[in-house]
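Dear colleague,

I am handing over the structure we spoke about, with the sequence alongside. Please have it open while you read, as the notes below go through it element by element.

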Amino acid sequence: MKFLPRLNISLKTFTNVFDPTSLRIRLTVGIAAVSILGLSGVVTWISWRMQDILVITHKNNTKYIAGRFPHDVEIYSDMVSIQEGTQKAIDNLTNTNTLLWVKTPQGEIFAQSMPLKMGSRGIKLVSLTDIPPQPDLQLVNGRYWLLCATDLVVKGVTLGEIYIAQDITGDQTMFLSLMRSLSFASLITIVCMTLVIAWYIKKSLQPLNRISQLTANISAEQLGEAKIQLENAPSEVKALAKTLETTLMRLSEAWEDQRQLVSNVSHELRTPLTVVSGYLQSTLRRGHNLTDIQREALETAASEADRTIQLLQDLLDLARADSGRMYFHFEPIILNELLAEIQGMVSQYPVLLKFSLPAEKVTVKADKNRLKQVLLNLIDNAVKYSQSFEPIMIKLDQEKGKVKLQICDRGIGIPLGDQTRIFERFYRVDEARSRHTGGTGLGLSIVKTLVEGMGGTIGVISQVDQGSTFTVILPLYR
């Protein structure tokens, strides 16, 4: 079972390194392919030319023998019989690599070279019947022969056909060995060339990787301060970096305008909505003569007004945090006592809440009201997404100079793909479910902002239909 996760990790690593869609791989493969085709074309042309030169030399020699042989036969025939003259002419032109034989029109051997008579070489040559009139390279009995056949005409009389065979096995073997060496050298060259091309492309793309690394960790607050410094980069990449800096500056200005707009609108709307909520609550308290329908409508309006006021307050808190105007009143807080106070505040919840507190006192330095807001928000979330019969556990531990607060529920859980985004503003895992529970998508974002403002961290571990565990870690105060 442990093998599969390791295999998945190895496959992911291989995919990241050898991503077929990456520019580096595409350029490497493209340039290497063009280089391989070019080099292969050159090697093929060289092989063809060398083979052509080798064969043409022997072909010319064969043609020379074919043209000279009838003249020699005619000269020798003046002194001896035609058969003896033909044999003398064959013996005169026969050497280590050249064999000749003459066949009559009836297919009988009229004269032949001595090695053919003795049967030492070219035994199968005389039995060949498809020898062309022009010199042609053929593999016979494991050796390379250049063969041709032409009519033997002496003093206007056709005596038969003269067959010429040149053994070029030595030259052909040397040529094939040379081609194997050339092919091996070409393969080594292609491998080295591909590696050099890959290294050069990787080095050339380093400025782009540098831009990606510099921009990957730029937060919204750092947009206006982002500077992309590149040394020894191509002019096109420098122009891209300059354009990217300009874009980041524009985004920073737009982000600042958006934050200012949210802050102003939230501040301007909160006051009139508070007045409206106050009047609604006053009317409900004094409206003894209201009908049930009127009271229900006023209660709904008051609830929505309070919900909108809370949303505006959350937006104001986030706007203050973005602008650095969220202040914390740090003081030593005994968490055992704070959690006991919260236990009394949440006793009216319809879900059973269990508190696990250590015997010794655990102290942190934080803003009491902010920390209480964090814990109440997390507990409220756990209650919303849990069944009434499933208990919720609040644990307090300390280890290695850290304080760990855990809120564990057995609710619906959070899908793995959403766990990294639940702390984003206005992000909700299930829109329909969030509307049913009245969520705005700001609660966890505010919790994360407050926890980090107090020098802590927050994380989540969750499984669908198994529950979630939110962990807040704060430095221990000594």
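I begin with a turn: in the hairpin of S4 and S5, where 2 residues lie between the strands, Lys155 takes a positive phi near 55 degrees. Please keep in mind throughout that this is a predicted model. Most residues other than glycine have a negative phi, and Lys155, with its positive value near 55 degrees, is a residue other than glycine. Lys155 sits in the loop between S4 and S5, and it counts as exposed because its relative accessibility is 54%, where the cut-off is over 50%.

The two strands on either side of that turn run antiparallel and are joined by 10 bridges, one of the facing pairs being Val154 and, in S5, Val157. They belong to an open sheet of 5 strands, in which the order is S2-S1-S5-S4-S3 and the pairing is antiparallel. Strand S2 (109-112) and strand S3 (136-140) stand at the edges, and since each has a single partner strand, one side of each is left without a neighbour in the sheet. On average, and with direction ignored, neighbouring strands of this sheet are turned by 30 degrees against each other.

At one edge, S3 pairs with S4 in the antiparallel sense over 5 bridges; within this pairing Asp136 stands opposite Leu147 of S4, and Leu139 has Tyr144 of S4 as its bridge partner. S3 and S4 also form a hairpin with 2 residues between them, and in its turn Asn141 has a positive phi of about 55 degrees. At the other edge, strand S1 (residues 98-103) runs antiparallel to S2 and is joined to it by 3 bridges, with Ile109 in S2 as the bridge partner of Lys103.

Two helices pack on this sheet. H3 touches S1, S2, S4 and S5, and its direction makes about 40 degrees with that of S2. H2 lies across S1, S3, strand S4 (143-154) and strand S5 (157-167), and runs at about 30 degrees to S4.

How do these two helices, H2 and H3, cross, and at roughly what angle? The axes of helix H2 (residues 23-77) and helix H3 (residues 82-93) come within 8 Å and cross at roughly 135 degrees, which makes H2 oblique to H3. The crossing in which H2 passes H3 is right-handed. On the H2 side the contact is made by Ile65, Arg68, Phe69, Asp72, Val73, Tyr76 and Ser77, which meet Ile82, Gly85, Thr86, Lys88, Ala89, Ile90, Asn92 and Leu93 in H3. Sorted by class, the residues of this contact are 8 nonpolar, 4 polar and 3 charged.

A second helix pair that I looked at is formed by helix H10 (residues 368-384) and helix H12 (residues 443-453), whose axes come within 10 Å and cross at roughly 145 degrees. Here H10 passes H12 in a left-handed crossing. From H10, the residues Arg370, Gln373, Val374, Asn377, Leu378 and Asn381 meet Gly443, Leu444, Ile446, Val447, Leu450 and Val451 of H12, and the residues of this contact divide into 7 nonpolar, 4 polar and 1 charged. In H12, the residues Gly443, Leu444, Ser445, Ile446, Val447, Leu450 and Val451 are buried.

Just after H12, Gly455 takes a positive phi of about 85 degrees. Further along, Asp465 has a positive phi of about 65 degrees although it is not a glycine. Asp465 is found in the loop between strand S11 (457-463) and strand S12 (467-475), and it is exposed, with a relative accessible area of 60%.

As for the chain as a whole, there are 12 helices and 12 strands in it, and buried residues make up 36% of its 478 residues. Among its contacts between residues at least 6 apart in sequence, 63% join residues at least 24 apart.

With best regards

Terms used
Residues numbered from 1 in each chain as written. Predicted model: local features only at pLDDT ≥ 70, side-chain atom pairs only at ≥ 80, totals over all residues. Heavy atoms only, no water. Axes fitted to C-alpha atoms, helices over the stretch in contact; angles between N-to-C directions. Helix = DSSP H or I, 4+ residues; strand = E, 2+ residues; numbered from the N terminus. Left-handed = near helix turned anticlockwise from the far one by under 90°. Contact = heavy atoms within 4.5 Å. Nonpolar A, V, L, I, M, F, W, Y, C, P; charged D, E, K, R; others polar. Parallel < 35°, antiparallel > 145°, perpendicular 65-115°, else oblique. Pairing = 2+ DSSP bridges. Buried < 20%, exposed > 50% of the residue type's maximum accessible area, 1.4 Å probe, protein only.
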